Amino acid sequence: MKRHDILFTGCRIVDTDTDISRGWILVTDGLITAVGSGDPDTAVTSQVTEVIDATGLTAMPGVIDTHVHFREPGLTAKATIASESRAAAAGGVTTYFDMPNTIPATTTPEAWDDKMKRAAASSLVNYAFFVGATPDNIGWLSSLDYTDRPGVKLFMGSTTGATATAGHQWIDNLFSNVKALVAVHAEDDSIIAKAADAAITRYGGDPDCVPIAAHPAIRTREACIESTRLITSIARRHNHRLHVCHISTADELQMFEPGTEPAKKMITAETCPQYLTFDSQDYDRLGARIKCNPSIKTSGDREALEAALATGRIDTIATDHAPHMLSDKNGGALKAASGMPGVQFSLPLILEKTLDGRLTLQSVSQLMSGNPAVIFGVERRGFIRSGYHADLVFVTTSGTPHTIADSEVESSCCWTPYAGISLTYSVQSTWVNGICVYAGGSFPTLPSTAALPVKFKGV
């Protein structure tokens, strides 16, 4: 096979531990083979097949979104791997980890194999699939090769396509026997059920009359706090790796250690762009578009979560991308579907926070690429380093902010909760294993051409 070299020149290069104001990246057959500052010398330029002038752009590692729901199989009226991986590519996401609450749930070897085959045929970007924990499949989970899987997903709260299992005795069995990282959705269904009954009574006894704005009074902060307290205590008792998904309250932050070296932590935490963008005052304006589980809470929670990004109590930003058709969003707090799309705009939204100093480009890269790679043990992705896969996103800033509109959404659901927000940052191009999958609004690569299954260091 003929060797192919691509040389990117003139760009700023940023990852967790690199910030080169003007430099170059050499990619050979899908791998980064050299990175340098200034201009490359003739020893480099003489060997390249293709030179791309990236002057004025910032090169960053492609985003590793460790929390998506691409809905395939079983919920494909909402989305598919093909459609949502296009949205991912448009947002600079080069790798995703899909959650197991599909139909059937990814709780058997057959279901996991089926998802892998589907992604191999239709995904535009790199892919991996969590396996789901149940009281009945712990033997299988304990026997798995986790070099092919990011870990085990545990639902401690019911949500779209997933039901929490009553009782917690079996979770001790899970933590005792399965050595892989456990990622958890931490909400207490019993607290939620009592709050739902109280809301129905408050609004006249008719469940359909409970408004969307009551969602955080049903999926309460106490439901999150108590469930997170329980699961972190179990993990500590077993000295077991735990990653707590979509943190939405200030109170939960005290359960996580500060510090920016997640490799030294047993328990790590994630939040999402929606919890850093919206608060409970936005329900009246946006309604069910921002209804998700856990619920979006107060402005004080939003501010505390944002501050936690700098102190390291929050280790990663993932999207919890969970598309529904807008017709699924009809009804009140007890009927409208929970979940929203996010992969297409997550990186530009978080990059906006660098403009006023709340974050730096390096910290964004750390939260969205480097830390996910370290926490989940991703092999050779998440950094711009020689020998790593050439998963790259080139971003740019514009003097004229761009206002997000539903019409530009690539997801099958055709809407976004972020419509109307103006962004200065945008994704110019996305490269997966050295192949351009998105550039300037177009997708020059066929699905499955560039994408690879993600490999992990395992346990």
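Student: How should burial be read for a single residue; is Thr424 buried or exposed?

Tutor: Burial is judged by relative accessible area: buried means under 20%, exposed means over 50%, and partly exposed is in between, using a 1.4 Å probe and protein chains only. Thr424 counts as buried because its relative accessible area is 19%. Before going further, note that this is a predicted model, in which local features need pLDDT of at least 70, side-chain atom pairs count only at pLDDT 80 or more, and totals for chains, interfaces and linings use all residues. Residues are numbered from 1 along each chain as its sequence is written, and side-chain values use heavy atoms, with hydrogens and water left out.

Student: Where is Thr424 found, and which residues is Thr424 in contact with, leaving aside its neighbours within four places in sequence?

Tutor: Helices (H or I, at least four residues) and strands (E, at least two) are DSSP runs numbered from the N terminus. Thr424 belongs to strand β16. Contact means heavy atoms within 4.5 Å. With neighbours within four places in sequence left aside, Thr424 contacts Glu352, Leu355, Thr396, Thr397, Ser398 and Pro401.

Student: How does one read strand pairing, and in which sense does β5 pair with β15?

Tutor: Two strands pair if DSSP finds at least two bridges between them. Four bridges join β5 to β15 in the antiparallel sense, with Met60 opposite Val393 in β15. Strand β1 (residues 5-15) pairs with β5 in the parallel sense over two bridges, and Arg12 has Thr58 of β5 as its bridge partner. Along β5 (residues 58-61), Thr58 and Met60 point one way while Ala59 and Pro61 point the other, and all are buried.

Student: In what order do the six strands of the open sheet stand?

Tutor: The order is β9-β10-β11-β12-β13-β14, with parallel pairing. Its edge strands, each pairing on one side only, are β9 (131-132) and β14 (316-317). β9 runs parallel to β10 (residues 152-155), to which two bridges join it; Gly132 stands opposite Lys153 in β10.

Student: Which strands does helix α5 touch, and which does helix α8 lie across?

Tutor: For the angles, axes are lines fitted to C-alpha atoms, for helices over the stretch in contact, and the values run from 0 to 180 degrees between N-to-C directions. Helix α5 (residues 169-177) packs on the sheet and touches β10, β11 (182-185) and β12 (242-244), its direction making about 170 degrees with that of β10. Helix α8 (residues 221-238) lies across β10, β11, β12 and β13 (267-271), at about 165 degrees to β12.

Student: What is a nonpolar core, and which residues touch the most other members of the largest one?

Tutor: In soluble globular proteins, nonpolar side chains tend to be buried together. A nonpolar core is a set of buried Ala, Val, Leu, Ile, Met, Phe, Trp, Tyr and Cys residues joined through side-chain atoms within 4.5 Å. The largest core here has 95 residues, and Leu141, Val152, Leu154, Leu174, Phe175 and Ile231 touch the most other members. Helix α2 (residues 81-90) supplies the largest share of this core, five residues. Leaving aside neighbours within four places in sequence, the contacts of Phe175 include Leu154, Val182, Ile231 and Leu242. A second, separate core has 17 residues, among them Ile20, Ala54, Leu392 and Cys436.

Student: How should unusual backbone values be read, and which peptide bond from Glu72 is cis?

Tutor: Most residues other than glycine have a negative phi, and most peptide bonds are trans. The bond from Glu72 to Pro73 is cis, with omega near 5 degrees, and Pro73 lies in the loop between β6 (63-68) and α2. Ile103 and Pro104 are also joined by a cis bond, with omega about 0 degrees; Pro104 lies in the loop between β7 (93-98) and α3 (109-122). Asp29 has a positive phi, near 50 degrees, and is placed in the loop between β2 (18-28) and β3 (31-37). Cys414 has a positive phi near 65 degrees and lies in the loop between β15 (392-403) and β16 (422-432).

Student: How many disulfides are there?

Tutor: A disulfide is a pair of cysteine sulfur atoms within 2.5 Å. By this rule the count is zero. For Cys413, the nearest cysteine sulfur is that of Cys414, 6.6 Å away. Cys413 is classed as buried because its relative accessible area is 3%, whereas Cys414 is partly exposed at 49%.
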